[in-house]
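This report walks through one protein model, from single residues to the chain as a whole. Please keep the sequence and the 3D view at hand while reading.

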Amino acid sequence: MSVHMRVTRRVLCLTAAATLAIAATGATHAQQKTDVIFSAGPTGGSWTPMAAAASQVVNKRFPELNVQVEPGAALVNMEKIRNDKADIGWSMTTVMSDAQKGEGQFAGKQTDKGLFVANFYPNVWQLVVPATSDIKSVKDLKGHPVALPSRGNTSLAAGWEYVLKVNGMTLDDLGAKSYGPVSSNAEAVKNRQAMAVGWFTVVPASFIMDMGSAMKVRVLGVSNEEMAALQKLNPGFVPYTLPAGLYKDQGVTEAVQTFQSPTVLIGSSKTSADVIYKITKAIVEGRDEFGNVTSVMKGVTGAEMAKNFGMRMHPGAEKYYREAGLIK
C-alpha cells in the first residue's frame with residue numbers, strides 16, 4: 001500500500017470517528033432531560049388529576065422537561081418549595097400571602113421562594129348545614145357538632161378558623177368535632193352525626209351535590225363586615241358569589257355571598273426562568289385540555305390565568321405573559 005493510500009485511509013478513519021463522536025454527543029444531548037418535581041394534592045381531590053393533565057401538556061410541548069407528579073397539599077407544597085424539594089406545585093393565594101409575610105401557618109418560616117406562575121380556578125369557601133336546622137349564621141353553630149377537615153388542611157386553618165375568628169369564636173366554641181376528608185364530613189352530616197361541613201373547593205361542589213341527594217341544605221353566607229375582617233386577616237381572600245339556582249336541586253335558590261382563595265400554580269425561585277417560561281407557555285396555550293378534568297376550567301382565558309392577585313410573579317412566567325401580550 002502506498003504512503004498516499006495509507007494517509008488517505010487514516011484521514012477517512014479519523015473523519016468517521018469524529019462523525020460518530022459528534023453523533024453520539026448529539027444523541028446524548030437529545031436524551032438529556034430536566035426533571036421538574038410537581039407537588040400536587042391529596043388523594044380524592046381535583047389537584048392530583050389536574051397536575052397529571054398539566055404534566056402531560058408540558059411534556060408533550062417540551063419533551064426535554066420531565067415533569068414528575070408527587071402528592072401534596074396547599075401548605076405542604078409551599079413548605080416543599082421553601083425547602084427546595086419541589087419546583088412547582090398547587091397552592092392558594094392565602095397560603096402565598098402567609099408564606100411571604102411569615103404569618104399564619106408560616107409564622108417564623110417566612111419565604112420568598114414560592115412565586116406565582118398561573119391562576120387556575122376559584123377555590124370557594126362553602127359552609128353547609130341542613131336546611132331544616134335553625135342554623136342561619138356561623139354564630140349559631142356554637143355548641144353544635146361539626147365535621148371538620150383533617151388537621152393541617154387549608155380548609156381548616158384558613159377556612160374554619162378564620163371564619164370563626166371574625167365572628168369572635170374558636171374551634172372550642174363548637175360542639176363535638178370529627179376530622180377527616182370531605183367525603184366523610186358530608187357523610188357525617190347525612191347521618192345526623194354533625195350539623196355542618198365547610199371546605200374550600202370547586203363550584204359546584206360535589207360534596208354539596210352528595211348531601212343534597214339525601215336532604216335539603218343551606219349554605220351560610222358571609223356578610224360585608226365579615227369579608228372586610230377576613231381580608232384584614234389575609235389579603236389573599238377574594239369575594240365570590242354563588243349564583244342563584246346553582247344548588248336549586250339541593251334546596252338553595254338564592255345567590256350566596258362567600259369568598260374564595262384562588263387555586264394558583266406556584267414555582268420555586270430556585271427553578272430556572274427558562275423552565276418556568278416553558279411550563280407557563282405550555283399550560284396557557286394548552287389550557288383547553290384542563291376542561292376535561294374539571295368543568296370550572298372550561299372557557300378560561302389566558303388573561304385570567306395571568307391574573308396574579310398582587311402576588312409576586314416568577315420571572316419565567318412574567319416573560320411569557322409579556323410576550324403573549326397578557327400583561328403590560
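In which helix is the place of serine 97? The model is a predicted one, and in it serine 97 belongs to helix H4, which runs over residues 93–101.

**Helix H4 and its surroundings**

With a relative accessibility of 5%, serine 97 falls under the 20% limit and therefore counts as buried. Leaving out residues up to four places away in sequence, serine 97 touches Asn234, Pro235, Gly236 and Met311. The helix around this residue is mostly covered, since 8 of the 9 residues of H4 are buried, namely Thr93, Thr94, Val95, Met96, Ser97, Asp98, Ala99 and Gln100. These buried residues pack against two helices, H3 (74–82) and H5, and against the strands E3 (88–92), E4 (114–121) and E12 (263–268). Just after H4 comes glycine 102, whose phi is positive at about 70°.

**Helix H5**

Helix H5, a partner of the buried residues of H4, spans residues 154–165 and has 10 of its 12 residues buried, so it is largely enclosed by the rest of the structure. The buried positions of H5 are Thr154, Ser155, Leu156, Ala157, Ala158, Gly159, Trp160, Tyr162, Val163 and Leu164. The N-terminal end of H5 is capped by asparagine 153, which places a side-chain oxygen 2.8 Å from the backbone nitrogen of serine 155.

**Glutamine 126 and the segment it meets**

Is glutamine 126 buried or exposed? Glutamine 126, which has its place in strand E5 (residues 124–130), is buried, with a relative accessible area of 0%. A polar atom of the side chain of glutamine 126 lies 3.1 Å from the backbone oxygen of valine 202. When neighbours within four places in sequence are set aside, the contacts of glutamine 126 include Val197, Gly198, Trp199, Thr201, Val202 and Val203, and also Leu242 and Tyr247. Valine 203, one of the residues in contact with glutamine 126, is joined to proline 204 by a cis peptide bond with omega near -5°. Proline 204 itself lies in the loop between strand E8 (197–201) and helix H7 (206–212).

**Residues with positive phi**

Two residues other than glycine also take positive phi values, arginine 192 at about 65° and phenylalanine 309 near 55°. The table sets out where each of them lies and how accessible each is.

| Residue | Phi | Location | Relative accessibility |
|---|---|---|---|
| Arginine 192 | about 65° | loop between helix H6 (182–190) and E8 | 57%, exposed |
| Phenylalanine 309 | near 55° | loop between helix H10 (302–305) and H11 | 25%, partly exposed |

**The end of the chain**

Isoleucine 327 is found in the segment after helix H11 (315–323), and at 22% relative accessibility this residue counts as partly exposed. Apart from residues up to four places away in sequence, isoleucine 327 touches Ala306, Met313, Glu318, Tyr321 and Arg322, and of these Glu318, Tyr321 and Arg322 carry numbers that fall within the range of H11. How far apart are the C-alpha atoms of isoleucine 327 and alanine 176? The separation is 49 Å, for two residues that are 151 residues apart along the chain.

**The protein as a whole**

Taken together, the protein has 11 helices and 12 strands. The radius of gyration is 25 Å, well over the 20 Å that the globule rule gives for 328 residues, so the protein is more spread out than a compact globule. Along the principal axes, the C-alpha atoms fill a box of roughly 110 × 40 × 35 Å. Of the 328 residues, 46% count as buried, while the protein exposes about 15300 Å², of which carbon and sulfur atoms supply 53%. Among contacts between residues at least 6 apart in sequence, 74% join residues at least 24 apart. The protein carries 34 positive and 27 negative charges, and the mean positions of these two sets are 6 Å apart.

Technical notes
Residues numbered from 1 in each chain as written. Predicted model: local features only at pLDDT ≥ 70, side-chain atom pairs only at ≥ 80, totals over all residues. Heavy atoms only, no water. Helix = DSSP H or I, 4+ residues; strand = E, 2+ residues; numbered from the N terminus. Rg over C-alpha atoms; globule rule 2.2 N^0.38 Å. Buried < 20%, exposed > 50% of the residue type's maximum accessible area, 1.4 Å probe, protein only. Contact = heavy atoms within 4.5 Å. Areas by Shrake-Rupley, 256 points an atom, 1.4 Å probe, with all protein chains shown as cover. Lys, Arg positive; Asp, Glu negative; His and termini not counted. Charge placed at Lys NZ, Arg CZ, Asp CG, Glu CD. Polar contact = N/O pair within 3.5 Å; in protein donor to acceptor, adjacent residues only side chain to side chain.
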